[in-house]
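Here is a short tour of one protein, written for someone new to reading structures. Keep the picture open while you go through it.

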Amino acid sequence: MAEKIKALIIGGTGYIGKFVVEASAKSGHPTFALVRETTVSDPVKGKIVESFKNLGVSIVNGDLYDHESLVKAMKQVDVVISTVGMRLLADLVKIIAAIKEAGNIKRFFPSEFGMDVDKLNAVEPAKSMFALKVQIRRAIEAEGIPYTYVSCNYFAGYFLPNLVQPGATAPPRDKVIIPGDGNVKGKSKKVPYPRPPLVFNEEHDIGTYTVKAVDDPRALNKTLYVKPPKNILSFNELVAIWEKLIGKTLEKIYIPVEQILKDIQTSPMPINVILALNYSAFVKGDQTNFGIEPSFAVEASELYPDVKYTTVEEYVSRFV
């Protein structure tokens, strides 16, 4: 039996990182989590670190800003997965430098886990954020580092508990706000029609699909799209699922594109970022307005049909 790939997760105590660490450990991969000493003593993060230990994860003391500690940690593993958050994206160059010096890393998964940044029609403030991810991609490729980019679009836990209603803390029960006019080019303007489809994925599934790809040659130097068929749907279809679950028809308020752009400019952080992301997804259709070419990409649910993923309907049913 082939020896299991050893994986190092950097940023494992963060939002999506927790799910990747858990998936890696439960899959049987020797799993290492790079953790700062201050993280261990943190009352919240420290509990996460303890949960990692209970899963058999090896805790490695290190820091993104300590080059020697990064290289030392990488010498112990085969694959590096970065799940650091947006504030630290620019610092991924430090991980790239450490991977080059270590010289033994078979695959790098950079901090992606969103929309495909090479295929977006973004506006600020999301545009600059995406541009930074593009720069990191090109740096990885320029250095000849083997990679997989995980594109899972929307985290279910971020967007579905309030049915993509910015600022809301629960799904709507009376009226729902839908970005855009609901029409698709070529359809009658008299009949509201879904915008290009959206993609939502439950976080445990994202972790599972990511870990399954760590030693899969089919995902080498490609983008791994996580687009399970039952989780690809339009905003109107999402609303229809919710209406069916609660047994009630909601009042629908369609927001014109011009108003969306104005709201992005006038809203505070982080609402403006969320609105800009929604503009790319709902108005421009950036999650699904392109095909998956086998030469540069693969789709996770097709590669791993054994994974029983959580459907959007199953997820939102929790909030009925």
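How many positive and negative side chains does the protein have, and how far apart do the centres of the two sets lie? There are 39 positive side chains and 36 negative ones, and their two centres are 3 Å apart. Keep in mind that what you're looking at is a predicted model.

## The whole chain

Let's start with the big picture. The protein contains 13 helices and 13 strands. Its radius of gyration is 20 Å, close to the 20 Å that the globule rule gives for 320 residues, so the protein is as compact as a globular protein of that length. If you lay the C-alpha trace along its principal axes, it spans about 60 × 40 × 40 Å.

What about inside and outside? Of the 320 residues, 52% count as buried. The protein exposes about 14900 Å², and carbon and sulfur atoms supply 55% of that area. Now take the contacts between residues at least 6 apart in sequence: 80% of them join residues at least 24 apart.

## Helix α4 and its neighbours

Next, find helix α4, which covers residues 67-74. Which of its residues are buried? They are S69, L70, V71, A73 and M74.

These buried residues have plenty of company. They pack against four strands, β1 (7-10), β2 (31-35), β3 (58-61) and β4 (79-82), and also against helix α5 (92-102).

## A three-stranded open sheet

Now look for the open sheet made of 3 strands in the order β7-β9-β11, with mixed pairing. Its edge strands are β7 (154-155) and β11 (232-233), each of which pairs on one side only.

You can trace the mix strand by strand. β7 and β9 pair in the parallel sense over 2 bridges, and here Y154 has F200 in β9 as its bridge partner. On the other hand, β9 (residues 198-201) and β11 run antiparallel, joined by 2 bridges; there, V199 is partnered with I232 in β11. As for the side chains of β9, L198 and F200 point one way while V199 and N201 point the other way, and all are buried.

## Just past β11

Step along the chain to S234, in the loop between β11 and α9 (235-246). Is S234 buried or exposed? It's buried, with a relative accessible area of 2%.

S234 also shows how the fold can bring parts of the chain together. F282 is 48 residues away from S234 along the chain, yet their C-alpha atoms are separated by 8.4 Å.

## Strands that run parallel

Elsewhere, strand β10 (residues 222-225) has parallel partners. Strand β6 (residues 148-151) is joined to β10 by 4 bridges, with S151 matched to Y225 in β10. Strand β13 (residues 297-299) is joined to β10 by 3 bridges, again running parallel. In that pairing, T223 stands opposite A297 of β13.

## A buried glutamate

Last stop: E112, which sits in the loop between β5 (107-109) and α6 (126-142). Why does E112 count as buried? Its relative accessibility is 6%, and buried means under 20%.

So which residues does E112 touch, leaving aside its neighbours within four places in sequence? The contacts are V117, K133, R137, Y149 and V150.

Definitions and conventions
Residues are numbered from 1 along each chain as its sequence is written. This is a predicted model: local features need pLDDT of at least 70, side-chain atom pairs count only at pLDDT 80 or more; totals for chains, interfaces and linings use all residues. Side-chain values use heavy atoms; hydrogens and water are left out. The radius of gyration is taken over C-alpha atoms; the globule rule is 2.2 Å times the number of residues to the power 0.38. Buried means under 20% relative accessible area, exposed over 50%, partly exposed in between (1.4 Å probe, protein chains only). Contact means heavy atoms within 4.5 Å. Accessible areas come from the Shrake-Rupley method with a 1.4 Å probe; for residues, only the protein chains shown count as cover. Lys and Arg count as positive and Asp and Glu as negative; His and the chain ends are not counted. The place of a charge is taken as NZ of Lys, CZ of Arg, CG of Asp or CD of Glu. Two strands pair if DSSP finds at least two bridges between them.
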